[in-house]
Amino acid sequence: MQVHEYDVVIVGAGGAGMRAAIESGQRARTAVLTKIYPTRSHTGAAQGGMCAALANVEEDNWEWHTFDTVKGGDYLVDQDAAEVMAKEAIDAVLDLEKMGLPFNRTPEGKIDQRRFGGHTRDHGKSPVRRACYAADRTGHMILQTLYQNCVKHGVEFYNEFYVLDLIMTEVDGVRQPAGVVSYELATGEIHIFRAKSVVFATGGFGKIFKTTSNAHTLTGDGVGVAYRRGIPLEDMEFFQFHPTGLAGLGILLSEAARGEGGVLRNVDGERFMERYAPTIKDLAPRDIVARSMANEVREGRGCGPNKDYVLLDLTHLEPSHIDEKLPDITEFARTYLGVEPYTEPVPVFPTAHYGMGGIPTNVESEVLANNTDVIPGLYAAGETACVSVHGSNRLGTNSLLDINVFGKRAGIAAAKYAETAVMPELPEDSESFVVDMIETLRTSDGPERIADIRRDLQETMDANVQVFRTDETMRQALNDIEALRERYKNVGIQDRGKRFNLDLLEAVELGFLLEIAEVVTVAAIHRKESRGGHFREDFPDRDDENFMQHTMTYKDEDATSEGIPGMRLEWKPVVITRYQPMERKY
Amino acid sequence: MADTTQTAEPASKVDLPAHLGGGGGGEIPSFDCTFRIARFDPENDQEPHWEEYSVTMYGTDRVLDALHKIKWDIDGSLSFRRSCAHGVCGSDAMRINGRNRLACKTLLKDLDTSKVITVEAIKGLPLEKDLIVDMEPFFQSYREIMPFLIPSGNEPTRERLQSQADRAIFDDTTKCILCASCTTSCPVYWTDGQYFGPASIVNAHRFIFDSRDDGGDMRLEVLNDREGVWRCRTTFNCTDACPRGIQVTKAIAEVKRALLTRSLA
């Protein structure tokens with residue numbers, strides 16, 4: 001085992017982690033630990049854009065952006081955080097441009113902007129051009145630009161170092177991190193990284209679902225590690241299903257396709273969003289569009305041999321316009337479905353996309369131990385975190401914004417904290433939890449296969465905790481998850497080696513998936529209302545009186561929630577500054 | 001003010017082609033195929049050896065799906081990198097039937113599945129295990145060409161202006177995902193591991209031709225080195241291998257030309 005020492009350790013090298021690293025690396029001795037090479041991170045799969053009220057192409061301001069974010073999140077957004085994000089969005093975009101990001105340009109040479117779902121002028125009057133973009137590979141360009149700037153600043157990366165535990169200690173009676181325990185994939189060696197500050201930027205957990213736009217590597221490791229160490233998880237029941245995944249595959253087709261004029265049609269060729277959102281139609285927020293699509297299919301107006309998808313129609317757009325603005329996603333349709341978007345509509349259906357919930361943080365990206373107290377020296381940003389700027393439904397482009405704004409804040413705050421903090425003592429046997437877990441799994445020879453358990457988990461989550469939910473379906477999912485957790489105890493892997501043992505890696509990841517799926521489902525059963533991405537057929541209305549609050553889920557051996565031992569659920573108030581909750585119509 | 005989006009409102013209702021309507025069964029055809037995979041266990045093997053696996057696959061499956069099926073259902077020790085599974089993260093470059101490709105972008109229906117499909121690690125980088133190579137030398141070359149904007153003058157308060165035409169000049173080379181398909185398909189790179197390789201030159205191009213950048217001369221100096229662009233023998237392997245469709249050889253030629261014209265100036 002090796003022990004390393006840094007001022008700041010950042011876990012994860014996607015957009016949030018690298019944005020933090022650029023700040024922290026210039027101020028403090030910083031290491032970035034990442035399960036995969038930085039440029040493989042899923043930020044690179046984001047397509048459509050990053051919103052900021054630059055007003056480069058039409059009138060706009062950050063207050064409208066704040067309002068859209070709050071309304072888009074069905075009023076569960078913490079409004080102070082949304083305000084910070086919308087205000088700092090402008091500098092976040094300009095920072096990226098100065099770092100070299102090749103944004104598309106207006107004829108005057110300024111950063112071009114386009115429409116996106118839920119982003120409107122003057123509090124919902126009509127769609128507004130707010131999304132700054134680089135063709136339909138904005139996330140790719142952000143990831144590349146941030147990596148390039150990490151190279152420029154000599155940021156120290158530990159690639160393919162999988163963080164499996166957060167070391168917590170007590171200093172003067174206050175719980176705080178002392179570092180992390182990491183497993184080096186190339187060698188199988190355990191490394192302890194001592195640090196004064198730790199930043200979690202580990203991305204999401206979309207792989208709890210079967211049909212998802214998420215990468216195979218998005219298994220909720222960061223939220224899982226934090227949860228196992230007693231840190232609560234906030235609003236985990238809110239998961240976003242992106243309307244336009246390639247049917248059957250889940251591969252993302254950006255909302256930019258609709259921002260550039262594409263429309264959704266059912267089997268009758270009808271532009272059905274005119275019925276569901278008469279004002280902004282196909283550019284309604286994702287939860288509304290996804291639900292409308294699923295409803296069309298349920299009512300028998302789906303397309304294809306099994307009537308199980310709808311169509312994204314771009315055929316009325318000029319091919320040159322498609323090539324210029326949407327080259328990658330039209331290529332996906334050609335490659336994976338053999339459909340030519342110039343002349344044929346593309347089969348699409350909602351795909352599990354983004355977890356609104358995560359590790360609770362404040363606007364300084366400090367992690368909360370409960371509703372009020374911060375954990376000194378611990379930070380989180382990006383999809384891993386819940387600050388909460390997305391509330392119950394994230395607006396398109398706001399995730400790229402979130403990682404840049406709160407990643408930057410986390411990096412600055414972590415370095416600043418490390419300036420005066422004393423390196424915490426390493427508790428004895430800090431590595432033992434990870435060593436035991438790894439050795440148990442490496443030598444496991446039970447009859448259960450990882451892939452079977454994972455498949456069964458993903459299938460029950462798709463069937464029971466997706467766009468439409470009821471108490472009954474979710475109880476079914478919960479029963480299934482409990483049975484799968486039992487089966488997981490009898491898992492067996494085949495690779496016994498130390499080097500690049502990815503069989504072992506998948507076994508570890510599955511443990512996180514099972515744990516997080518349970519948290520998502522229990523929190524979803526607990527919230528007996530419909531709001532944003534969480535739609536309950538048995539409670540179809542929003543219920544502000546009882547549920548206008550965040551869910552906080554704690555791992556607690558002494559408690560039981562919704563029949564599940566070991567979990568405690570609490571509520572946390574929503575921060576409301578200037579917008580009182582109203583009915584959400586588009 | 002720019003108005004680049006379409007103005008005409010799309011029709012509320014259109015007639016769809018008949019095949020998009022309902023009815024009929026949706027059975028996806030399945031077929032059997034055999035994979036011959038170069039296996040290497042660094043803890044037990046002296047050198048790689050071939051293993052064969054037969055799996056039943058479906059018409060929409062990719063090579064990555066087949067590798068997963070083998071790993072998940074037959075042999076869990078088969079090791080390969082992958083992440084996004086749709087051609088944007090660059091993890092799963094490998095040699096499929098002798099050609100560098102991304103496993104997640106190679107559809108089985110586009111291969112001859114009546115014959116054995118061979119899969120091996122990309123060449124020219126140290127082999128670690130099965131289909132995994134050490135990427136460090138590749139990223140080392142990339143870092144050496146200074147892959148970041150080096151602007152001149154004072155930082156403006158707003159964005160730097162750039163015309164659409166200037167932005168278009170380097171558009172193609174911004175698509176690179178650093179998968180190493182191009183570099184490890186290059187015969188020069190196979191025989192001379194010191195050569196920068198196409199991917200580094202592509203990423204140098206992305207900055208040399210960016211109107212906002214002022215570090216072009218420094219990068220050109222790096223690439224004028226003995227192991228720089230002049231090693232390129234224009235075999236076009238790199239262009240064929242690029243999963244992003246980047247005109248790699250053309251970009252290298254543009255860098256060569258820039259070296260000639262700028263050094264004469």
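Me: What makes chain A as compact as a globular protein of its length?
Reply: In this predicted model, chain A has 16 helices and 20 strands. Its radius of gyration is 23 Å, and the globule rule gives 25 Å for 586 residues; the two values are close, so chain A is as compact as a globular protein of that length. Along its principal axes, the C-alpha trace of chain A spans about 65 × 50 × 50 Å.

Me: How many of the residues in chain A are buried, and what share of its contacts joins residues 24 or more positions apart?
Reply: Buried residues account for 66% of the 586 residues of chain A. Of the contacts in chain A with a separation of 6 or more, 75% are between residues 24 or more positions apart.

Me: Which residues have the most contacts inside the largest nonpolar core?
Reply: That core has 257 residues, and those with the most contacts inside it are A:V9, A:A89, A:V199 and A:A381. Helix 15 (residues 502–526) of chain A gives the most to this core, with 17 residues. Apart from neighbours within four places in sequence, A:A381 has contacts that include A:A16, A:A20, A:V199, A:I403 and A:F406.

Me: Why is A:E160 called buried, and why is A:D122 called partly exposed?
Reply: A residue counts as buried if 20 or more other C-beta atoms lie within 10 Å of its own, as exposed if 12 or fewer do, and as partly exposed in between. A:E160 has 22 other C-beta atoms within 10 Å, and is therefore buried. A:D122 has 13 other C-beta atoms within 10 Å, and is therefore partly exposed.

Me: What makes the backbone at A:D122 and at A:E160 notable, and where do these residues lie?
Reply: Most residues other than glycine have a negative phi. A:D122 is not a glycine, yet has a positive phi of about 45°; A:D122 is in the loop between strand 4 (113–121) and strand 5 (126–132) of chain A. For A:E160, also not a glycine, phi is positive, near 60°. A:E160 lies in the loop between strand 6 (156–159) and strand 7 (161–171) of chain A.

Me: Why is the peptide bond from A:V387 to A:S388 called cis?
Reply: Most peptide bonds are trans. The bond from A:V387 to A:S388 has omega near -10° and is cis. A:S388 is located in the loop between strand 18 (385–386) and helix 11 (398–420) of chain A.

Me: Which domains is chain A divided into, and what does the contact take from each?
Reply: The assignment gives domain 1 (245–350) and domain 2 (432–542) of chain A, with C-alpha centres 30 Å apart. Five residues from domain 1 of chain A and five residues from domain 2 of chain A take part in the contact. On the domain 1 side, helix 8 (residues 286–298) of chain A supplies the largest share, four residues.

Me: How many helices and strands does chain B have, and what share of its residues is buried?
Reply: Chain B has eight helices and seven strands, and 43% of its 265 residues count as buried. Its C-alpha atoms fill a box of roughly 65 × 65 × 30 Å along the principal axes.

Me: What makes B:M94 a buried residue?
Reply: B:M94 has 29 C-beta neighbours inside 10 Å, and the cut-off is 20 or more, so B:M94 counts as buried. B:M94 lies in strand 3 (residues 93–96) of chain B. Leaving aside neighbours within four places in sequence, its contacts are with B:A103, B:V119, B:E120, B:A121, B:I122 and B:L131.

Me: How do you know which side of helix 6 of chain B the buried residues are on?
Reply: The buried residues of helix 6 (residues 216–223) of chain B are B:R219, B:L220 and B:L223. They cover an arc of only 100° around the axis, and this puts them on the same side of helix 6 of chain B.

Me: How many residues does the contact take from chain B and from chain A?
Reply: The contact takes 54 residues from chain B and 67 residues from chain A. Helix 1 (63–74), strand 6 (127–129) and helix 3 (164–169) of chain B are the elements that give two or more residues to the chain B side. By class, the chain B side divides into 19 nonpolar, 19 polar and 16 charged residues.

How values were computed:
Residues numbered from 1 in each chain as written. Chains lettered and ligands numbered in written order. Predicted model: local features only at pLDDT ≥ 70, side-chain atom pairs only at ≥ 80, totals over all residues. Contact = placed C-beta atoms within 7 Å. Nonpolar A, V, L, I, M, F, W, Y, C, P; charged D, E, K, R; others polar. Arc of directions from axis to C-beta. Rg over C-alpha atoms; globule rule 2.2 N^0.38 Å. Core = buried A, V, L, I, M, F, W, Y, C linked by C-beta atoms within 7 Å. Domains from an automatic or database assignment.
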